Amino acid sequence: MSRSIFLVTLVVDDYDKAKAFYCGSLGFECLEDTVQPEGKRWLTVKPKGGEGAALLLAEAVTEDQKAAIGRQAGGRVGFFLKTDDFARDHAAMIACGVSFLEEPRYEVYGTVAVFSDPYGNTWDLIEPAAG
């Protein structure tokens, strides 16, 4: 049996704002952006050249959904962006206005720094340690 997680929903306040951040500031590629009934869109993005799951950017409609924006992981780091070159991607993200919440750290598991998306969700940019 072969199974994998291929898509994770991220609740956002505006499709275009979210697409601009993930595809512009983070350099993700847009896999699909299709208009659905009732004004919804099927908007999926993924790191260029990366493996693993893509994000489904879902615009909040209900009050419960709106309340979840930026709190997807309850205040913990909820998303992890793996890179093969931390210094390159860290510098590029800063140049695009990405807000890092700390200076890079060197841990036994790799080089890491926490950043936030425009909604307040926190992410680790991480280059795993060799071996």
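This report walks through the salt bridges of the structure and how exposed some of their partners are.

The model you are looking at is predicted. In total, the structure holds 9 salt bridges. As general background, side chains of opposite charge can pair when their charged atoms come close.

Let us start with three individual pairs, set side by side here.

| Pair | Closest N to O distance |
|---|---|
| Lys17 and Asp13 | 3.4 Å |
| Asp89 and Arg88 | 2.9 Å |
| Arg105 and Glu102 | 3.0 Å |

A good next step is to ask how the residues of these pairs sit relative to the surface. Partly exposed covers the range between buried, under 20% relative accessible area, and exposed, over 50%. Take the pair of Lys17 and Asp13: Lys17 has a relative accessible area of 37% and is partly exposed, and Asp13, with a value of 37%, is partly exposed too.

Moving on along the chain, Arg88 and Asp89 join their side chains in a salt bridge. Here Arg88 is partly exposed at 43% relative accessibility, while Asp89 is partly exposed at 22%.

In the pair of Glu102 and Arg105, the relative accessibility of Glu102 is 25%, which makes this residue partly exposed. Its partner Arg105 comes to 28% and is also partly exposed.

Finally, some residues belong to a wider arrangement. Which residues are linked in a network of salt bridges? They are Asp16, Lys19, Asp33 and Arg41. If you have the structure open, these four names are a friendly place to continue exploring.

Note on methods
Residues numbered from 1 in each chain as written. Predicted model: local features only at pLDDT ≥ 70, side-chain atom pairs only at ≥ 80, totals over all residues. Heavy atoms only, no water. Buried < 20%, exposed > 50% of the residue type's maximum accessible area, 1.4 Å probe, protein only.
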